[in-house]
Amino acid sequence: MNRLIIESIEGRITLGITMFVVIMILIGWVMINEPYRMASFEEQELGRSTEQGAELFAANCTSCHGTNGQGSGLAPALNNPQLFEYDFTNSVQVRDPDSPFFGKRIADLQRAIRDLYLLQQDLIVERQRLEGELGAEDIDPVVADELTFELRIVNAQLDDNAEIGETEGLTEAQAEALQTALSNNIPLGVAARIEVLEVGTDQQNALLAERDALLGQFELAMIRGYLPNLDTFRDAVPSRDEALAVADEAERLTALLDWIKGELALTDYIETDASRLQQVAWGGDLRGYITTTLIHGRPGSNNVWPGPMVSWSQEGGGPLRRDQIDNIVNYIMNWDKGDDWTIADLDNVQQFARLHADAAQIVAADNSGDGSAALDKPDISALPEGDAANGEALYATQGCTGCHVGGLVGPATAGTWSRVADDRLSESQFDGWTVAEYVYFSIVSPGDYLAEGLGNIMPATFGQTLSDQDIADIMAYLESQ
Amino acid sequence: MSLLPFPSFLDDVHEKGIRKAIAEGVNETVERITAGMNIQDVREALRGEDPSRRPNPRLTPHADGFWLHMRPGYFHKDVVGVYPTFRLGWLSTYFVFFETITGVMLMFWYTPSPEIAYGNMLSILGNVPLGQFMRDLHRLGAEAMVAIVALHMMRTWITGSYKKPRQFTWFTGVLLLLFTGLLSFSGYLLPWDQLSLWAVTIGASMAEASPFIGEQANLLMRGAPQLGANGLLRFYMAHVLGFPLILFIFLGVHYYKVIIHGHSLPPQKENIGEDTAKRVPLDKRVYFIPDVLTNEMLWAGVTTFVMVVLVIWFYHAPLEHHADPQKTPLGTTAPWYFLWIQGALKLGDKFIWGILFPTVLVGGLAVMPYIDVTPSRRYKDRRVMLSLAMLLISFSTILSYMGLPEFAVATSAEREIVHELTFPPAHSRVGIALTIPYDQLAPGAYTTAQFEGDDTQRAVAQFNEMLGAVEGIDAEATMAISDDLDKDDVQEWEFETPLEHLRNELISVGNIDANRIPAQFRVVPDDAPVLLAVLEELNRKIEQNAEELPDAWGALIISENQDGLRRVDLVIFWNGVQIENGIVQIDDDGEIVPRLIHLTEVTDGDKTELVEVELAEDGSFMLNGEAVAADNVLTVREQRMHVEHIFIHEDSAYFD
């Protein structure tokens with residue numbers, strides 16, 4: 001025991017060097033595996049974050065956004081194809097693999113035709129200009145030659161003139177310029193290409209019909225609410241047949257352009273409204289939109305959602321830490337079904353509070369309350385002594401802090417006791433009430449009396465879900481504020 | 001004549017030829033680097049030969065060089081082996097440097113702010129190559145260092161090495177032990193997860209108990225009444241700057257004293273009252289170069305290798321959920337090396353056991369050599385001190401055990417059971433409900449009733465039938481009807497069935513989507529063995545607590561929440577019993593006292609409802625201060641329910 005473990009110096013040196021080499025090899029081996037380990041850690045962490053987000057969502061968000069994120073009369077659905085920018089009209093596209101337009105959507109086709117019409121219009125104007133200049137009497141023959149050449153190119157582009165490649169009668173320089181123009185892919189044969197596209201008219205018509213049928217399917221969920229003007233919009237679009245019937249070439253072209261622009265506007269309109277981000281003209285991505293909304297809340301809107309959303313992050317004065325906000329965002333993002341959304345998903349969600357095709361589905365925030373009812377003074381003599389510290393914890397976990405901040409959505413937490421004593425209890429119906437009785441009453445039956453300017457949005461379930469001790473704790477906390 | 005305007009290497013080349021000049025140049029460089037040993041000397045040393053020239057060139061590096069000036073040139077051959085030091089002092093020093101190096105690495109990836117500290121941890125684990133490796137090394141090293149320093153102290157105590165002239169060495173050693181503990185403790189907080197926040201909160205709460213200055217001490221340490229941004233910053237500064245600085249200073253003093261007095265020889269090797277460590281006869285000398293030096297390099301290699309192997313295959317530093325001051329986890333403990341204080345705290349007053357006792361203990365240790373002044377270091381002469389050492393070991397072990405949550409912490413059985421099944425990963429352990437593989441989490445409701453009898457199908461079917469048939473459960477708490485009541489009477493009132501009660505609870509408190517609650521219980525599918533094991537475990541734990549949870553059944557309700565995310569609700573139903581201070585009350589006949597609830601009908605306008613009445617001490621019933629006739633009172637046995645839920649994501653991989 002009182003000797004060096006390895007007596008010989010060679011042994012010590014050999015073992016020591018071996019150890020260091022083995023350590024290096026082991027670290028190298030760990031290093032090689034790091035990318036895989038880190039990737040799997042990230043994946044695992046996202047899963048765990050989603051779990052915690054689910055917990056937070058259930059505790060804080062479900063009372064307005066619904067247990068399954070499908071919305072309620074108070075707040076929009078988040079488990080919602082519209083939030084995730086899923087465009088149902090995506091599926092309307094040319095499905096014939098032999099077609100030159102295979103995979104193109106109706107809007108792509110229409111844009112292509114519109115561009116060709118516009119080009120055709122430009123070329124016609126150019127032709128008229130060139131012809132006008134050539135018709136002048138005192139024209140220099142050299143200039144005339146040039147103009148003739150240019151006209152030839154314009155005509156070729158317009159009509160797919162077969163003579164385009166012929167160099168006869170051209171100077172050497174002109175022949176070269178023509179070749180350059182050709183090899184530079186100057187669009188040729190507009191008329192011919194429009195003809196090709198017109199061949200696809202049948203396909204276009206089929207797609208238009210298909211799209212209309214599809215829109216009809218989610219009309220219930222979307223159109224009358226989000227696209228209230230769709231019908232008028234559609235009426236304003238000129239008909240294609242009428243446009244084709246115009247005799248004058250130039251006017252017919254203009255009429256056709258009007259028709260196609262109208263159709264395109266309709267398509268664009270629907271595509272835009274299929275995405276909430278585009279609707280609110282959000283500049284960032286979806287994650288940023290959800291995160292920002294959670295952190296700072298959002299104002300109420302006159303059109304669709306009357307109630308504002310409070311800021312939930314501590315940065316914005318709310319109850320949740322930033323990491324908790326991220327957990328909730330991960331949870332919400334997990335609702336994305338990618339390409340698997342169905343129209344049934346759209347039908348199941350509450351898109352808007354005030355406007356809906358089916359009046360029965362409107363559960364719009366009832367701001368009236370029924371403040372007229374005779375109010376029974378609650379008996380709180382049996383309430384146990386409250387513990388303010390536990391009350392504070394409950395106040396956060398029950399989601400109270402979400403709304404009771406700033407006084408806009410719910411009465412502010414700070415100064416509850418003095419505010420009730422000074423303002424509320426001076427109202428006649430609360431004659432003889434104590435502050436504690438009023439506060440208890442407000443927790444247990446929040447909708448029975450509404451202070452001016454506040455909506456009836458507080459869950460009325462706290463009387464059932466909280467024990468007397470919990471309520472007493474929360475009251476003790478409020479009293480300390 | 002010089003080739004250049006000044007004497008140079010070129011002159012040597014010119015004079016002696018290039019080979020010789022280079023050889024001499026190299027030799028001289030080596031001699032300068034080693035501060036005294038030329039190539040020949042190094043070669044001889046590494047070959048284990050005796051030095052060929054006098055004076056011994058292997059001593060020059062100690063005399064002339066900086067790096068070895070604190071190391072002795074030779075040791076007594078009786079102290080270089082495993083006994084009597086067990087290399088514990090050397091290992092402690094090794095870990096000081098080990099922790100410094102790994103700690104500095106981690107500092108590159110850490111910001112001491114509650115906002116991002118935890119995010120930094122996730123990024124160390126998920127974005128920094130070798131980040132997890134470094135963190136594991138640092139954490140394991142910290143735990144090892146505390147243990148090794150403590151063992152080093154025990155060894156010194158046992159061999160009596162603290163005695164004159166080494167009293168002050170021992171004193172600085174106790175300080176080093178203290179600061180090792182404090183360093184480890186202050187580092188505990190930095191990940192800012194639930195584990196660190198609550199372990200440190202418990203440790204730090206003792207400061208509050210100090211007399212007079214308690215509040216101020218607490219504020220100074222935590223930077224606020226509760227640990228927050230300031231507290232984290234203070235702990236960080238203490239961890240990376242304050243404590244290491246003090247530790248390094250006292251490490252210097254400690255080692256200086258060790259060298260001044262020499263390593264004490266094994267007690268039996270010298271006469272009583274003599275200290276011969278500094279007088280090493282020629283034939284007993286083991287020179288630092290090469291023997292001790294190569295030995296230490298070997299040890300460094302072996303120890304590092306062991307650490308590396310441990311963190312690759314056997315140990316990962318724990319990381320729990322983000323710290324949340326509002327959620328106190330069940331079973332929170334201080335770090336293991338402070339468990340003895342937590343245990344002592346359970347003995348009584350916070351000040352006496354949390355402040356006075358540890359202070360007296362550490363203070364007593366520090367001054368021990370000045371009190372125990374007996375000269376003999378022989379074991380047979382030191383029975384009292386050796387017994388004291390054993391007592392210290394025994395008591396700290398017992399106190400540490402008492403510090404565990406298993407000891408004298410009253411948590412109701414149902415909470416305990418659910419917690420044990422669902423607690424998030426901590427110290428390489430995780431609640432087994434979380435380990436159910438995602439594909440075994442078949443949505444449905446499962447009950448422990450399936451273990452009754454041999455035929456599971458029949459057991460569950462009967463259970464479903466029984467639950468549906470029970471009509472009598474009520475209002476605020478759910479209640480079963482006591483046996484002696486006429487059931488017909490009861491049926492006049494509207495009761496919830498247990499299932500309805502559960503349903504309502506899940507919807508109103510659990511915020512579950514009502515459509516996702518299964519209507520009936522079913523047998524666990526065959527392809528879900530882990531799910532079955534969890535249900536069995538739930539059943540086993542309920543049966544173990546049969547006294548506190550009589551007539552109980554448990555259930556697991558699994559429902560879909562999102563794609564890739566399922567929810568598991570754990571439910572325990574039982575008949576309430578009287579419990580006081582965590583002890584089930586037993587009446588004179590040895591029967592467990594049930595919890596009874598007394599109800600009466602109250603008619604208010606058109607509504608008739610059941611209201612609980614109080615049982616006064618004289619046996620009469622009171623409602624809002626008014627007496628209620630006993631005939632109008634229905635007494636039922638309280639049936640209780642406890643529900644908690646967890647979410648499990650398919651990628652969470654708790655089972656790894």
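**Exercise 1. Chain A on its own**

Work out how much area chain A exposes and what share carbon and sulfur atoms supply.

*Solution.* Step one: chain A exposes about 23,900 Å², and carbon and sulfur atoms supply 53% of it. Accessible areas here come from the Shrake-Rupley method with a 1.4 Å probe, and for residues only the protein chains shown count as cover.

Before going on, a word on the model: it is predicted, so local features need pLDDT of at least 70 and side-chain atom pairs count only at pLDDT 80 or more, while totals for chains, interfaces and linings use all residues. Residues are numbered from 1 along each chain as its sequence is written, chains are lettered from A and ligands numbered from 1 in the order in which they are written, and side-chain values use heavy atoms, with hydrogens and water left out.

Step two: of the 481 residues in chain A, 44% are buried (buried means under 20% relative accessible area, exposed over 50%, partly exposed in between, with a 1.4 Å probe and protein chains only).

Step three: chain A has 20 helices and zero strands. Helices (H or I, at least four residues) and strands (E, at least two) are DSSP runs, numbered from the N terminus.

Step four: take the contacts in chain A between residues at least 6 apart in sequence; 67% of them join residues at least 24 apart. Contact means heavy atoms within 4.5 Å.

**Exercise 2. Where chain A touches chain B**

Describe the contact between the two chains, then find which helix of chain A gives the most to it.

*Solution.* Start with the residues: 52 come from chain A and 64 from chain B. Next, the area: the two chains bury about 5,000 Å² between them, 61% of it on carbon and sulfur atoms. Buried area is the accessible area (1.4 Å probe) that two parts lose on being put together, summed over both.

Now the polar side. Between chain A and chain B there are 20 residue pairs in polar contact, both residues being at pLDDT 80 or more. A polar contact is a pair of N or O atoms within 3.5 Å; within protein, one must be able to donate a hydrogen and the other to accept it, and residues adjacent in sequence count only if both atoms are side-chain atoms.

Then look at the elements of chain A. Helix 1 (9-65), helix 13 (322-333) and helix 15 (388-397) each give two or more residues to the side that touches chain B. Helix 1 gives the most, with 32 residues. By class, that side of chain A has 25 nonpolar, 12 polar and 15 charged residues. Here Ala, Val, Leu, Ile, Met, Phe, Trp, Tyr, Cys and Pro count as nonpolar, Asp, Glu, Lys and Arg as charged, and the others, Gly among them, as polar.

**Exercise 3. Salt bridges**

Find the count of salt bridges over all chains, and look at some of the pairs.

*Solution.* The count over all chains is 27. The rule asks for a side-chain nitrogen of Lys or Arg within 4 Å of a carboxyl oxygen of Asp or Glu.

- Across the chains: two salt bridges join chain A and chain B. In one of them, A:Arg321 pairs with B:Asp324, with the closest N and O atoms 3.6 Å apart.
- Along a helix: B:Arg32 and B:Glu28 meet at 2.7 Å, N to O. They sit four residues apart in helix 2 (residues 18-33) of chain B, which means about one helical turn separates them. B:Arg32 is exposed at 64% relative accessibility, while B:Glu28 is partly exposed at 42%.
- Between distant parts: B:Lys269 pairs with B:Asp78 at 3.8 Å, and their positions lie 191 residues apart in the chain. B:Lys269 is partly exposed at 42%, whereas B:Asp78 is buried at 2%.
- As a network: B:Glu420, B:Glu537, B:Arg540 and B:Lys541 are linked by salt bridges.

**Exercise 4. Backbone surprises in chain B**

Locate two cis peptide bonds and two positive phi values.

*Solution.* Keep the background in mind: most residues other than glycine have a negative phi, and most peptide bonds are trans.

First, the bond from B:Arg54 to B:Pro55 is cis, with omega near -10°; B:Pro55 lies in the loop between helix 3 (39-47) and helix 4 (60-64). The bond from B:Lys164 to B:Pro165 is also cis, with omega near 10°.

Second, phi of B:Phe212 is near 60°, and this residue is exposed at 85%. B:Ala653 has a phi of about 50°, but is buried at 17%.
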